[in-house]
Amino acid sequence: MKRSLLSIEDLARADIERILDRAESFAEVSGRAIKKVPALRGRTVLNLFYEASTRTSSSFELAAKRLSADTVSVRAQGSAVDKGESLKDTVQTLSAYDPALVVIRSPWAGAAELVARWTPAGVVNAGDGKREHPTQALLDLYTLWRRVGRLDGLKVWIVGDVLHSRVARSNILAFARMGCEVTVAGPPTLIPREIESLGCRVRSSLDELGEADVIYALRMQRERMEEAFVPSLREYAERYQIDARRLQPHQILMHPGPVNRGVELSAQVIDSPQALISQQVESGVVVRMAVLYELLASGEEEEGVAASATTAAAARARAADGAVAERLPDGSEHPIEVAPGEHLAAPAGRHP
Ligand code: NCD
């Protein structure tokens, strides 16, 4: 069965928890000299990037390779897209390689959904215009969970250019789903109307920022601004920059990258121990491994081939069967699954 991840809305809290648990089991693999498991051997993952990307594209590629998939990476620049080929033609042409999964980053909102209609492969949305970036939200949850242990009740402030940010949309949904209290803050011109309907409150100043446990700063997306949304970047920085004056010792700082140093964040806070920015990048690989595994390998298992749970119900049924090990190239075994039942009822305090 074909499975896709197009929006955080596709995921229930239990799905998110399962992905985070899975990512944690892959973190152990990433600590080894040979960072590979055979889970997706013989499967092809197509990475289609129609927009600039450093972290997302490299981590998807690495994630697929660490699961032993074959990868084909196409960037719009230098491909036939440059010659005017449409997204649909490109997807249909590349479908000739029979990919199991297409990872798509595009400047057009809704592109991932369209691709899902045009290909028999599963699709992962790696950022579609201003709309969503679900794997970024998952890696942010994972990074925060690793740091604080429990997400329920955390006060998260998402600060900055919310209007142009797909990360903001996915993260509001994801943090809210995990029981966080989400506030978005920024200049009124950069806060979309009715954003509250996603499950957050809105503030136009940082006066109450002191209540936040987590400050999630967004990049000023100048490439998406056709008009002036703020009088000047200097003025923006004065009112909304997270600097040493605003970031308090008890607060955690996150940012999806790339950072405009001196605009949304001061240089000092970027390098502070409270900042999780480099951990977020590091989490990208294991969380994307978990997503690829969830979408591809767990489907196989339903057919009785491989090793993981697809739905909470399948997981429950499987819990009775115990942990499953995968054979590594060096002959050792990697327990892909955590101990029976652990996905479903993690020890108190450990789970997000
Ligand atoms: C984000 C993106 O591209 O949406 N970056 C990322 O994926 N790491 C955020 C941004 O560009 O500001």
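These are my notes on the core, the ligand shell and one strand of a predicted model.

Conventions. I number residues from 1 along each chain as its sequence is written. Because the model is predicted, local features need pLDDT of at least 70 and side-chain atom pairs count only at pLDDT 80 or more, while totals for chains, interfaces and linings use all residues.

Core. I looked up the largest nonpolar core (buried Ala, Val, Leu, Ile, Met, Phe, Trp, Tyr and Cys joined through C-beta atoms within 7 Å; buried means 20 or more other C-beta atoms within 10 Å of a residue's own, placed from the backbone). Of its 95 residues, Leu141, Ile158 and Leu292 touch the most other members. Helix α9 (277-302) gives the most, 12 residues; helices are DSSP runs of H or I of at least four residues, strands E runs of at least two, numbered from the N terminus. Domain 1 (8-131 + 281-335) and domain 2 (134-279) both contribute, so this core lies between them; the bounds come from an automatic or database domain assignment.

Ligand. I listed the shell (C-beta, placed from the backbone, within 6 Å), and Arg55, Thr56, His133, Arg166 and Arg219 are among its residues. Helices α2 (55-66) and α6 (166-177) each supply at least two shell residues. Domains 1 and 2 both give residues to the shell, so it lies between them.

Strand β5. I found 4 of the 5 residues of β5 (155-159) buried, so the strand is largely enclosed by the rest of the structure. β5 runs parallel to β6 (181-185), joined by 5 bridges; pairing takes at least two DSSP bridges. Val159 has Ala185 of β6 as bridge partner. β5 also pairs in the parallel sense with β8 (214-217) over 4 bridges, where Trp157 partners Ile215.

Notes
Buried ≥ 20, exposed ≤ 12 C-beta atoms within 10 Å, placed from the backbone.
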